[in-house]
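This briefing introduces a protein model to a first-year reader. Please examine the sequence and the structure shown here before reading the points that follow.

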Amino acid sequence: MQSQIIDPAKAELNHHHSAATVDHHEAHPDHRLFGLFVFLVAEGMIFMGLFGAYLAFRSTLPVWPPAGTPELELLLPGVNTVNLIASSFVMHNADTAIKKNDARGARIWLAITAAMGAIFLAGQVYEYMHLEFGLTTNLFASAFYVLTGFHGLHVTIGVLAIVAVLWRSRVPGHYSNEKHFGIEAAEIYWHFVDVIWIILFGLLYLL
């Protein structure tokens with residue numbers, strides 16, 4: 001059997017080429033956060049369109065809400081608002097913990113955030129069940145359900161994302177101070193949901 005002769009110069013060239021390829025991949029910028037921000041900008045534009053439509057309805061009708069619309073209760077939505085704002089701080093603690101390599105602490109904060117999100121959704125469902133108007137009662141009622149329902153959908157997605165990150169964090173070393181994009185992305189999305197609700201709460205319940 002003929003032995004294979006390896007050219008030392010060619011082997012050295014291949015080695016440098018492989019090393020350069022590895023360095024190139026390591027130096028390649030991570031565009032995942034940029035993609036997330038583009039997505040949130042797009043979602044924000046949808047919400048701004050809905051808010052603009054709501055304000056247009058409000059400004060064109062002589063009476064708003066239309067006559068006969070039951071007054072909205074503030075207690076439950078107010079508690080829900082405080083809960084959602086507080087959950088943003090809790091979620092930030094999860095990101096802070098993982099950047100300190102405290103995976104257990106991050107899991108605890110993630111679980112608390114998911115629970116607070118679920119409580120928000122439960123409160124919204126409870127409010128829906130006790131409202132004295134339906135989707136087609138009048139223009140205000142339709143706008144109310146569309147705005148709060150669309151936001152509730154985003155909260156649901158956020159809770160599922162946090163639960164998914166929490167599930168993946170059970171694997172030792174999956175997240176660390178050097179590898180934590182999943183937690184960071186979930187945090188940014190959760191803050192977005194929080195800001196949107198603050199605007200929505202002001203428009204629907206306070207103005």
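**Charges over rings and the overall picture**

The charged end of R32 is placed over the ring of F181, at 4.1 Å from the ring centre. A second arrangement of this kind involves R170, which lies over the face of W167, 3.8 Å from the centre of the ring. These values come from a predicted model.

**Overall architecture**

- The protein has 6 helices and 0 strands, and its pattern along the sequence reads α-α-α-α-α-α.
- Of the 207 residues in the protein, 38% are buried.
- Among contacts with a separation of 6 or more, 79% join residues that are 24 or more positions apart.
- The accessible surface amounts to about 12,500 Å², and carbon and sulfur atoms contribute 68% of that surface.

**Regions annotated in the record**

- An unreviewed UniProt entry assigns the feature "transmembrane region" to residues 33-54, 106-123, 143-167 and 188-206.
- In the model, residues 143-167 are 100% helix and 0% strand, with 36 Å between the end C-alpha atoms.
- Residues 188-206 are likewise 100% helix and 0% strand, and the C-alpha atoms at the ends of this stretch are 26 Å apart.

**Aromatic rings**

- A pair of aromatic rings is described by two quantities, namely the distance of the centres and the angle of the planes.
- The count of aromatic pairs in this protein comes to 17.
- In the pair F133 and F140, the ring centres are 6.1 Å apart and the planes meet at 65 degrees; because an angle over 60 degrees counts as edge-to-face, the pair belongs to that class.
- F133 and F140 are both buried.
- F133 also pairs with F144: the centres are 5.7 Å apart and the planes stand at 85 degrees, so this pair is edge-to-face.
- The pair of F133 and F144 links distant parts of the chain, since F133 lies in the loop between α4 (103-130) and α5, whereas F144 lies in helix α5, 11 residues apart.
- F133 has a relative accessible area of 5% and is therefore buried, as the limit is under 20%.
- F144 has a relative accessibility of 0%, so F144 counts as buried.
- Ring pairs join Y54, W64, F120, Y128, F133, F140, F144, Y145, W197, F201 and Y205 into a cluster.

**F150 in helix α5**

- F150 is located in helix α5, which covers residues 139-168.
- Is F150 buried or partly exposed? The relative accessible area of F150 is 22%, so F150 is partly exposed.
- Leaving aside residues up to four places away in sequence, F150 touches E43, I46, F47, L50 and Y145.
- F150 and F47 are separated by 103 residues in sequence, yet their C-alpha atoms are 8.7 Å apart in space.

**H180 in the loop before α6**

- Where is H180 placed? H180 is in the loop between α5 and α6 (181-206).
- H180 has a relative accessibility of 15%; because buried means under 20%, H180 counts as buried.
- A polar atom of the H180 side chain lies 3.2 Å from the backbone oxygen of S176.
- The H180 side chain also reaches the backbone oxygen of N177, at 3.2 Å.
- Not counting residues up to four places away in sequence, H180 touches D95, I98, K99 and Y175.

Terms used:
Residues are numbered from 1 along each chain as its sequence is written. This is a predicted model: local features need pLDDT of at least 70, side-chain atom pairs count only at pLDDT 80 or more; totals for chains, interfaces and linings use all residues. Side-chain values use heavy atoms; hydrogens and water are left out. Helices (H or I, at least four residues) and strands (E, at least two) are DSSP runs, numbered from the N terminus. Buried means under 20% relative accessible area, exposed over 50%, partly exposed in between (1.4 Å probe, protein chains only). Contact means heavy atoms within 4.5 Å. Rings of Phe, Tyr and Trp (its six-membered ring) pair if their centres lie within 6.5 Å; planes under 30 degrees apart count as stacked, over 60 as edge-to-face and the rest as tilted. A charge sits over a ring if NZ of Lys or CZ of Arg is within 6 Å of the ring centre and within 35 degrees of the ring normal. Accessible areas come from the Shrake-Rupley method with a 1.4 Å probe; for residues, only the protein chains shown count as cover. UniProt positions are given in the numbering used here, feature names are shortened, and annotations may be inferred rather than shown by experiment. A polar contact is a pair of N or O atoms within 3.5 Å; within protein, one must be able to donate a hydrogen and the other to accept it, and residues adjacent in sequence count only if both atoms are side-chain atoms.
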